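Visitor: Got a minute to walk me through this one? I'd like to know what to trust before I look at details.

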Amino acid sequence: MAGVSGKGALLRRLGAIVALLLAVDQFHSAKAAVVARNPSPQRKQQVGMETAFVGAGQQAGLEIWRVEDFKPVRYPKDQYGKFYTGDSYVVLSTKVNKRNEKFWDIHFWLGSETTQDEAGAAAILSVQLDDQLGGDPVQHREKQEHESQQFLSYFKSGVRYQPGGVASGFRHVDPSQAETRLFQVKGTRNIRVKEVDPSVASMNKGDCFILDIGKKIFVYVGIKAKRVEKLKATAAANQIRDQDHAGKPKVTIVDEYSPQSDFDEFFAALGGGSKDQVPDENVGGDDREFETAEENAVSLYRVSDASGRYSLYF
């Protein structure tokens with residue numbers, strides 16, 4: 001009996017030791033979780049906080065980073081609104097109220113030709129920026145041609161899609177060369193500017209189009225286009241002039257009040273056609289229906305570090 005009693009006491013002592021070890025482990029785990037939620041400036045550096053994000057979100061306005069080799073690189077402010085289709089971007093909007101309280105929205109924008117790795121890097125960088133700002137920002141995922149109205153509202157002259165990107169090599173526009181580019185301007189509240197094939201077949205009577213031939217830029221206003229579309233297309237043309245040509249080309253409006261000579265010059269620069277050959281407005285679709293369809297094109301995503309590494313699931 002004494003032997004049995006001694007064995008039971010030993011088991012109880014071993015059980016107490018195991019319970020104590022588990023309690024200590026839980027304590028350290030809880031402590032580590034608190035540190036992870038409230039990292040010190042030194043720890044932020046230890047976990048690899050991107051130096052490009054230092055000082056971000058401290059003033060009202062917009063800040064943009066392009067993902068280059070999986071790192072955030074600050075995007076020039078004079079290029080805001082122009083996005084390369086082969087790239088991914090992180091966009092931070094900061095608002096400050098009268099009590100000096102800050103509110104943030106983080107958007108990661110994915111071009112139609114961006115790689116899955118770059119898209120994942122943009123999502124992870126957004127999480128890192130969110131952590132740097134204390135976890136307070138609201139995060140958004142934006143896909144080319146399916147952007148939210150909130151995102152589009154940041155760019156008063158519209159969002160323009162430029163072919164190319166970091167991985168494939170930028171398609172630089174040489175101001176001294178007469179490269180013909182035709183852009184379709186779509187939308188009424190917030191616009192998108194998309195490059196299309198430079199031909200009359202790409203046009204329609206309900207939209208506005210921007211023809212860039214290097215030394216001169218035309219804004220063609222479809223006969224059924226609304227006045228607000230004309231104003232936004234003109235603003236977009238001015239942005240192309242400033243971003244791609246250092247503000248040098250003259251911008252010419254071609255609309256129902258223009259002389260026939262302006263139409264002749266426009267279609268000659270386009271490479272052929274006439275205003276009578278421009279397809280009907282229904283070819284371009286209704287702008288309001290277009291915007292509603294884009295708003296409803298919602299994609300869900302999840303960022304997880306359950307495996308010890310960040311993973312992106314679409």
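**Confidence, core and odd turns**

Guide: Start with residues 9–47, where pLDDT (the predictor's confidence in each residue, from 0 to 100) stays under 50. For that stretch the model has five contacts (heavy atoms within 4.5 Å) beyond four places in sequence. This is a predicted model, in which local features need pLDDT of at least 70 and side-chain atom pairs count only at pLDDT 80 or more, while totals for chains, interfaces and linings use all residues. Residues are numbered from 1 along each chain as its sequence is written, and side-chain values use heavy atoms, with hydrogens and water left out.

Visitor: Where else does pLDDT stay under 50?

Guide: Over residues 298–314, though that stretch has 34 contacts beyond four places in sequence.

Visitor: And what's the average pLDDT?

Guide: The protein averages 80, and 71% of the residues score at least 70.

Visitor: OK, new topic. Which residues have the most contacts inside the largest nonpolar core?

Guide: Trp65, Val90, Leu92 and Leu129, in a core of 18 residues. A nonpolar core here is a set of buried Ala, Val, Leu, Ile, Met, Phe, Trp, Tyr and Cys residues joined through side-chain atoms within 4.5 Å. Buried means under 20% relative accessible area, exposed over 50%, partly exposed in between (1.4 Å probe, protein chains only).

Visitor: Which elements supply it?

Guide: β1, β4 (88–96), β5 (102–110) and α3 each supply at least two residues, and α3 gives the most, with six. Helices (H or I, at least four residues) and strands (E, at least two) are DSSP runs, numbered from the N terminus.

Visitor: What does Leu129 touch?

Guide: Beyond its neighbours within four places in sequence, Leu129 contacts Phe53, Ala56, Trp65, Val90, Leu92 and Ile106.

Visitor: How many residues of α3 are buried?

Guide: 13 of the 17, so α3 is largely enclosed by the rest of the structure. Helix α3 covers residues 116–132 and reaches 24 Å from first C-alpha to last, close to the 24 Å expected at 1.5 Å a residue (that is 1.5 Å times one less than the number of residues). Just after α3, glycine 134 takes a positive phi of about 80°.

Visitor: Which residues have a positive phi although they are not glycine?

Guide: Among them are phenylalanine 70, at about 70°, and alanine 246, at about 55°. Phenylalanine 70 lies in the loop between β1 (61–68) and β2 (71–74), and alanine 246 lies in the loop between α5 (227–245) and β14 (250–254).

Visitor: Is alanine 246 buried or exposed?

Guide: Exposed, with a relative accessible area of 63%. Phenylalanine 70 counts as partly exposed, at 44%.
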